[in-house]
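Visitor: I would like to go through the labels used for this entry and hear the reason behind each of them. Please show me the sequence and the model before we begin.

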Amino acid sequence: MTETFPDLMQKDFSQEDIIAMLGATSDDEIEVIRSAAEKVLLENCGNEVYTRGLIEASNICRCNCYYCGIRKSNKNVERYDMKVEEIVDAALWCVDHGYGSMVIQAGERHSARFIDRIEEALKQIKQQTRSEELPQGLGITLGVGEQTPEVYRRFFEAGAHRYLLRVETTNPDLFEKIHPSGQTLETRIDCLNSLREVGYQVGTGVMIGLPGQTLEDLANDILFFKRQDIDMIGMGPFIPNEETPLGRELCPDVCVRMNLALLMIAVTRLVLKDVNIASTTALEALDPEGREAGLRFGANVIMPLMTPQSVRRNYLLYPGKPCLDEDLLASRTALEKSINSVGREMVANKWGDAVHFKKRNLNKGETTS
Ligand code: 5AD
């Protein structure tokens, strides 16, 4: 450990401290950061890992992001759109199998038909999932991209209480490089602000190892999460997809991206302390043990794929997506095993809100389960 290495238990990390931690390369240094992150996690959030069944409701998307496999102009994708009943059935499946929360994710669309359908699915899920075990019904996280404040409000009133919208990177030049003109970082940040105003528990995140991305960029991403008072973080390694423009550009080697993604989780945990951090599918796509590694480095949420088998392979954001053929029930058992294997506990029938969100709502007298 070098003399300039920062104190890992401090409250106010500088950009310099964060860059030093993200730049760790020796196994010893990485282990020191990992175990400190684990300690901070256990102290602030406890031993529980929250699970959410992830439903990818549609791969139709109006956007043409340069990295994403389901971008509008990828003609190799067979598009699908789950019906309201299908989304509700998937939600009921989650409840029957002990999941207290689900995530509904879909490509971004603004049509009234799409918005109405998501709203209707949310309402029906809430109506049909209240029980003694889940008095407020199934917890629902939504991720359908940039929408107007009015639409965010409608979804909130229909029953979604958490929302995920990644900024992808907080470097405006890099953001511009990986998105077509018309998409801006400013709009993303405006959306995060309006989600927060509506009352959501707000999640964001970035991709790690993008072509041209620096440690300084990643350190600024973490400082942004803190400044923005974010509740939930979902981030993972960039995985080049050959069917996209960015998939053909040079990016760091796979080991470098994987290590950096894990360090990002650990350092985000050290800096933000009480937020929920997901161990994402992209980690698992690069390494069969990536999900467990994410937990060991400070993540406390797992979102196993529950999209019906018939359409699952059409939601390919990047190659190597895990679980394409796995049986859903088997994966629930496997999930509990993998959580236990890193000394943590899986919880059933719980929303699993971020401690950070509960704290910031204490004064408002709001209740969450
Ligand atoms: N590699 C890694 N993550 C990706 N995403 C999309 N494409 C890729 C890729 N090629 C992530 C983005 C997006 C989320 C739904 O998936 O961060 O916000």
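Guide: What follows is a set of questions about a predicted model, each answered by setting a value against its cut-off.

Visitor: Which residues are around the ligand, and what makes a residue count as near the ligand?

Guide: A residue counts as near if one of its heavy atoms lies within 4 Å of the molecule. The residues around the ligand are Tyr67, Cys68, Arg166, Glu168, Met207, Pro237, Phe238, Ile239, Leu317 and Tyr318.

Visitor: How does that shell divide by residue class?

Guide: The shell holds eight nonpolar residues, no polar ones and two charged ones. Tyr, Cys and Pro count as nonpolar here, while Glu and Arg count as charged.

Visitor: What makes the approach of Arg166 to the ligand a polar contact?

Guide: The pair must be N or O atoms within 3.5 Å. An N or O atom in the side chain of Arg166 is 2.8 Å from an oxygen atom of the ligand, so the pair falls within the 3.5 Å limit.

Visitor: Which distances are found for Glu168 and Tyr67?

Guide: For Glu168, a polar side-chain atom lies 2.5 Å from an oxygen atom of the ligand. For Tyr67, a polar backbone atom is 3.0 Å from a nitrogen atom of the ligand. The ligand taken alone exposes 400 Å², and the protein buries 86% of that.

Visitor: Why is Glu168 called buried, and where is Glu168 placed?

Guide: Buried means under 20% relative accessible area. Glu168 has 10% relative accessibility, so Glu168 counts as buried. The place of Glu168 is in the loop between β5 and α6.

Visitor: What stands out about phi of Glu168?

Guide: Phi of Glu168 is near 75°, a positive value in a residue other than glycine. Most residues other than glycine have a negative phi. Lys273 also has a positive phi, near 70°, and lies in the loop between α9 (254-272) and β9 (276-279). Lys273 is at 18% relative accessibility and therefore counts as buried.

Visitor: How many disulfides are there, and how do you know that Cys191 is not in one?

Guide: The count comes to zero disulfides. A disulfide is a covalent bond between the sulfur atoms of two cysteines. The cut-off for the two sulfur atoms is 2.5 Å. The closest cysteine sulfur to that of Cys191 is in Cys63, at 11 Å, which is too far for a bond.

Visitor: Are Cys191 and Cys45 called buried or exposed?

Guide: Buried, because Cys191 has a relative accessible area of 7% and Cys45 has one of 13%, against a limit of 20%.

Visitor: Why is Glu56 called buried, and which residues does Glu56 touch?

Guide: Glu56 has a relative accessible area of 3%, so the label is buried. Glu56 is found in strand β2 (residues 53-58). Leaving out residues up to four places away in sequence, Glu56 touches Tyr80, Met82, Gln105, Leu305, Thr307, Tyr315 and Lys321.

Visitor: What makes Arg71 buried, and what does the side chain of Arg71 reach?

Guide: The relative accessible area of Arg71 is 9%, so Arg71 is buried. The side chain of Arg71 reaches the backbone oxygen of Asn64 at 2.9 Å. Beyond residues up to four places away in sequence, Arg71 touches several residues, including Cys63, Arg79 and Thr244. The place of Arg71 is in the loop between β2 and α3 (84-96).

Visitor: How do you know that Asn171 and Asp217 are joined by a polar contact?

Guide: The polar contact between the side chains of Asn171 and Asp217 is 2.9 Å, and the limit is 3.5 Å. Asn171 lies in the loop between β5 (162-164) and α6 (172-178).

Visitor: Why is Gly23 called partly exposed, and which label does Glu29 carry?

Guide: Partly exposed covers the range between under 20% and over 50%. Gly23 is at 33% relative accessibility, so Gly23 counts as partly exposed. Gly23 lies in the loop between α1 (15-22) and α2. Glu29, in helix α2 (residues 27-45), is at 12% relative accessibility and therefore counts as buried.

Visitor: How far is Gly23 from Leu260 in sequence and in space?

Guide: The two are 237 residues apart in sequence and 8.4 Å apart in space, C-alpha to C-alpha.

Definitions and conventions:
Residues numbered from 1 in each chain as written. Predicted model: local features only at pLDDT ≥ 70, side-chain atom pairs only at ≥ 80, totals over all residues. Heavy atoms only, no water. Polar contact = N/O pair within 3.5 Å; in protein donor to acceptor, adjacent residues only side chain to side chain. Areas by Shrake-Rupley, 256 points an atom, 1.4 Å probe, with all protein chains shown as cover. Buried < 20%, exposed > 50% of the residue type's maximum accessible area, 1.4 Å probe, protein only. Helix = DSSP H or I, 4+ residues; strand = E, 2+ residues; numbered from the N terminus. Contact = heavy atoms within 4.5 Å.
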